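Biologist: Please take one part of this structure and look at it closely, beginning with the way its strands pair and then following the contacts outward from there.

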Amino acid sequence: DKGNIWIDDVTRNSPFSSYGMSISGGEGGDHGYSYYLSGNYLNQQGIILNTSFQRYQGRLNFTKKFSSKADFGVTLNVTHSNTSAASINFGANSSWLTSYVFLPPTMPVHKPDGTYATFNPDWYLGGGNIDNPVAILEKETNVTPANNVLGNFYLQYELLPGLKLKSTLGVNFIHQRNSWYVPSDMPTKILNNQMTGNTSSKQTNTSSLINENTISYSKNIGP
């Protein structure tokens, strides 16, 4: 009997799917316009149990001519994503006692009664109890939803033949919130009669604004 193979217990096949659609159109002339609108959905299941990444994304490109001298354009990208991360130890030497890489094959995932096994025979002084990696992956949650808005706008005007003034504005807004939760019925909590849960939440908001104003001149010289 080769015993328990922990890397097989915490990993899985990880399917990937992505779907997208787009539309575009416009018309020419001194008052013409063009547009391109697209949407995309991506779903990546992680190779580690109960990990994943989902993303919804929309994009708009739009240009408009007000006259033969003035035009306007915008590029807008909006994204919502959700990341489910793993809280297990992947093999750091500082925490080798709970790392699935170093857990012995003589330690099972479950006890005969179906509850999670906790006894690690390789612990110091002849063994000790831990939350095994499968219990952590199946019971703890570590999720981070995020929203990102990225936009670029410009307005251009031809002051004189060949002389153009262009003003651009770039904006970027990012909001994300990480939530981590350890339930009260983790195996070592039950074993030690410590029936309390743990949770934490961290929120981050970032914004930036960039404005550029340029003058350009072009002239053809030649026959």
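Modeller: I shall begin with the paired strands and then turn to their surroundings.

This is a predicted model, in which local features need pLDDT of at least 70 and side-chain atom pairs count only at pLDDT 80 or more, whereas totals for chains, interfaces and linings use all residues. Residues are numbered from 1 along each chain as its sequence is written, and side-chain values use heavy atoms, with hydrogens and water left out.

Strand β2, residues 33-45, pairs with strand β3, residues 52-65, in the antiparallel sense over 13 bridges; strands here are DSSP runs of E with at least two residues, helices are runs of H or I with at least four, and both are numbered from the N terminus, while pairing requires at least two DSSP bridges between two strands. Within this pair, Ser 38 has Arg 59 of β3 as its bridge partner. The hairpin of β2 and β3 has 6 residues between the strands, and there Asn 50 takes a positive phi near 60 degrees. β3 also pairs in the antiparallel sense with strand β4, residues 70-84, over 14 bridges, and these two strands form a hairpin with 4 residues between them. Ser 52 stands opposite Ser 84 in β4.

Leu 42 lies in strand β2 and counts as buried because its relative accessible area is 12%, the classes being buried under 20%, exposed over 50% and partly exposed in between, with a 1.4 Å probe and protein chains only. Leaving aside residues up to four places away in sequence, Leu 42 touches Phe 16, Ser 17 and Ser 18, as well as Phe 53, Gln 54 and Arg 55, where contact means heavy atoms within 4.5 Å. Between the C-alpha atoms of Leu 42 and Ser 81 the distance is 9.2 Å, although 39 residues separate them along the chain.

Beyond the strands just described, Ala 85 is found in the loop between β4 and β5, the latter spanning 119-120. With a relative accessible area of 37%, Ala 85 is therefore partly exposed. Its contacts, again not counting residues up to four places away in sequence, are Thr 51 and Asn 142. Ala 85 is also 9.9 Å from Glu 140, C-alpha to C-alpha, with these positions 55 residues apart in sequence.

Further along the chain, a search of the whole structure finds 1 salt bridge, a term that requires a side-chain nitrogen of Lys or Arg within 4 Å of a carboxyl oxygen of Asp or Glu. It joins Lys 139 to Asp 185, whose closest N and O atoms are 3.1 Å apart. The pair links distant parts of the chain, 46 residues apart, with Lys 139 in helix α2 and Asp 185 in the loop between β8 (163-182) and α3 (187-191). Lys 139 counts as partly exposed because its relative accessibility is 22%, and Asp 185 falls in that class because its value is 32%. Side chains of opposite charge can pair when their charged atoms come close.
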